[in-house]
Amino acid sequence: MKHRGFTFEKLKIASFDFTCCEGCQLQLANRESTLIDFLELLDIKNFRELSSEQFDDYDIALIEGSISRQDEVERLQAIRRQAKTLVAFGSCACFGGVNSLKNKFSLKELVAEVYPGMKVETMPVKKISDVVKVDLSIPGCPVNKEEVERIMVNLATGSLVTLPKHPVCFECKAQLNTCLFELGEICLGPITRGGCNAVCTTGKTPCLGCRGPSEEINMPAFVELVKARELSLDDLQEKIAFYNAFEGFSNHEA
Amino acid sequence: MIYKVIAKSEFKRFTDALLRDNTSFGPRQVDTDSRGKAVYQFLPVTSSDDVAFNYTVTASSAKHFFLPFREELSRFVFQDQEWDQQINYEADPIVLIGLRACDISALNILDDVLLKGHFPSPYYLAKRKNTFVIGLDHLPLPDCFCKSMSHHTISTGFNLFCSDIGEDYYLSINSSKAFNFLKEFDTRDPLDDDNCRLVERRKIISDSFLSEVDVTALPSILDIEFDSPVWEKWGNKCLNCGTCAMVCPTCYCYSVEESFATNLKGATRQKKLYSCNLVDFAEVAGGHNFRPKNGDRLKYRYYHQHRGFAENANQQICVGCNRCGRACLAGINPKDVINDLRMEKESCLTNISSSPDRI
């Protein structure tokens with residue numbers, strides 16, 4: 001690809017799944033309107049949902065999922081050694097995700113409940129940055145394909161890669177949605193990073209914070225508004241803990 | 001201005017014809033909130049039955065019909081070593097029915113800012129010129145303070161304005177387009193009695209305000225109170241979510257982004273309405289932020305709203321609709337913030353030296 005003397009190299013990319021549903025990777029094959037153009041940007045070295053060929057000479061590694069077994073730690077470390085840019089891809093990779101709910105229980109209890117009578121090796125769930133250095137995070141459950149596309153274009157052209165710093169509310173208002181707090185619900189929109197186009201709240205489902213905290217959230221004011229509206233602090237705790245994305249904020253007065 | 005009176009039944013026929021043949025938007029109920037109150041928004045309407053003529057106020061203003069939340073400014077096509085820029089200013093004609101006096105005042109303020117400055121916006125102009133605006137008067141809500149801002153009545157900026165005088169609407173006709181449309185319908189010149197009913201209606205509206213904000217000399221008070229602790233106090237409540245600016249009928253600040261097409265054969269330049277309360281509003285290259293604190297950002301929103309910028313002759317751009325106050329989850333509203341600022345100012349009165357003796 002050439003433009004005014006600049007040559008854009010295709011991105012040598014690989015995608016790997018750990019403890020997850022593979023839903024984020026599946027998003028890469030979505031959005032058919034631009035899928036062919038999107039794949040043109042990429043030289044796919046390893047991605048089992050798109051191709052059976054596997055090569056190890058990738059520059060960018062998309063890591064989906066959290067880490068919950070020792071063999072995953074070793075596999076991740078090997079990927080880190082190869083990748084120039086390691087991307088935490090999706091909420092499980094960025095924050096631990098839904099899998100982190102596991103960490104509230106003892107491992108013994110969990111194995112007995114889920115795999116009764118079987119010998120299963122497991123450990124508390126970790127996010128990717130707990131194990132290796134992460135160069136770029138793309139949060140979301142699942143990731144927003146449009147955002148992934150924009151980021152890949154920026155990587156290919158050497159442009160600045162950014163995530164929106166504002167919360168979901170800002171995008172929700174552009175959809176002319178009725179605020180879910182006005183409908184008596186707790187919604188994490190005011191403290192959650194935008195970029196999802198408020199897809200859940202537009203469907204009248206409260207935000208559970210899959211994209212993690214927006215820049216400089218005001219947690220005391222947020223807790224205060226939940227109290228002022230006499231909404232359930234237990235409900236608030238449950239929502240904040242859902243993706244494990246508000247570590248360090250979650251015990252705030254609630 | 002030409003004045004006519006139309007029976008409400010005939011007005012229904014008029015709006016039916018207008019809305020059927022044009023892309024139209026008017027107030028519609030979208031929800032009932034947890035306190036049992038109806039929530040309205042300006043949405044597509046195709047007949048008078050779709051229009052909630054008795055609505056209170058829309059949660060979001062009509063601003064986005066003129067300043068879309070996201071708008072493509074231009075498109076670039078790369079060819080060999082060259083590129084072409086394509087710009088489209090055209091706007092399809094629309095009808096907006098049911099705007100309140102304050103909403104139309106807001107459009108007049110946007111006209112001042114976006115059309116009368118050094119760099120008039122052709123994007124805004126196209127939409128403004130191609131929008132047929134029908135206003136509708138209403139009794140103020142308990143928290144409306146447009147009277148304090150002198151925006152509870154309106155004499156320009158619309159095609160047609162309807163005052164509810166019982167069985168009829170008293171029409172203020174402000175454009176030849178509206179006059180010509182109405183020729184097809186049964187209207188009459190106002191009689192003495194109609195004029196009396198209009199005056200009475202205006203008096204009832206004017207006397208019904210429960211909220212008042214003292215904005216006299218507010219621009220200078222804002223200057224003096226630049227370092228007031230009031231800003232930090234209210235800033236600490238702010239969630240930095242930008243909701244206030246999004247629902248506001250006059251907040252026009254925006255950001256511009258350029259992005260490559262996925263096929264790298266072109267690019268677009270997009271404009272996105274932004275808010276001065278968002279954390280990166282005043283962030284520049286290198287990550288330096290001129291307004292890192294909530295209180296600073298909130299302060300500048302009030303400065304822009306109530307002190308004004310040179311672009312519109314330093315006039316206040318707040319129209320007093322209180323949409324921001326209603327939408328703010330943190331309970332920040334202009335009435336309380338401005339009153340707080342005044343109280344702060346007046347608390348020093350006991351400390352100043354006594355007046356000179358009278359002779």
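Domain bounds, as I use them here for chain B, come from an automatic or database domain assignment. The model I am reading is a predicted one.

**Entry 1: the two domains of chain B**

I looked up how chain B is divided, and found domain 1 spanning 2–207 and domain 2 spanning 218–345. I then took the C-alpha centres of domain 1 of chain B and domain 2 of chain B, which lie 25 Å apart. Turning to the contact between these two domains, I noted that 33 residues come from domain 1 of chain B and 28 residues from domain 2 of chain B. On the domain 1 side of that contact, strand E4 (70–79) and helix H2 (101–115) of chain B each supply at least two residues. I also sorted the residues on the domain 1 side by class, and they divide into 18 nonpolar, 7 polar and 8 charged.

**Entry 2: where chain B meets chain A**

I next asked how many residues of chain B are in contact with chain A. I found 33 residues of chain B in contact with 33 residues of chain A. On the chain B side, strand E2 (24–32), strand E3 (38–45), helix H8 (243–247) and strand E11 (254–260) each supply at least two residues. The largest share of that side comes from H8(B), which gives 3 residues. By class, I recorded 17 nonpolar, 12 polar and 4 charged residues on the side of chain B that touches chain A.

**Entry 3: chain A as a whole**

For chain A, I listed a secondary structure of 10 helices and 7 strands. The radius of gyration of chain A is 20 Å, close to the 18 Å that the globule rule gives for 254 residues, so I note chain A as being as compact as a globular protein of that length. Taken along the principal axes, the C-alpha atoms of chain A fill a box of roughly 60 × 55 × 30 Å. I found that 41% of the 254 residues of chain A count as buried. Among contacts in chain A between residues at least 6 apart in sequence, 74% join residues at least 24 apart.

**Entry 4: A:Ala245**

I then went to A:Ala245, which lies in the segment after helix H10 (233–241) of chain A. Is A:Ala245 buried or exposed? I entered A:Ala245 as buried, because 28 other C-beta atoms lie within 10 Å and the cut-off for a buried residue is 20 or more. Leaving aside neighbours within four places in sequence, A:Ala245 is in contact with A:Ser91, A:Phe95, A:Gly209, A:Cys210, A:Gly212 and A:Pro213. I also looked up A:Lys108, 137 residues from A:Ala245 along the chain, and the C-alpha atoms of the two are separated by 25 Å.

Note on methods:
Residues numbered from 1 in each chain as written. Chains lettered and ligands numbered in written order. Predicted model: local features only at pLDDT ≥ 70, side-chain atom pairs only at ≥ 80, totals over all residues. Contact = placed C-beta atoms within 7 Å. Helix = DSSP H or I, 4+ residues; strand = E, 2+ residues; numbered from the N terminus. Nonpolar A, V, L, I, M, F, W, Y, C, P; charged D, E, K, R; others polar. Buried ≥ 20, exposed ≤ 12 C-beta atoms within 10 Å, placed from the backbone. Rg over C-alpha atoms; globule rule 2.2 N^0.38 Å.
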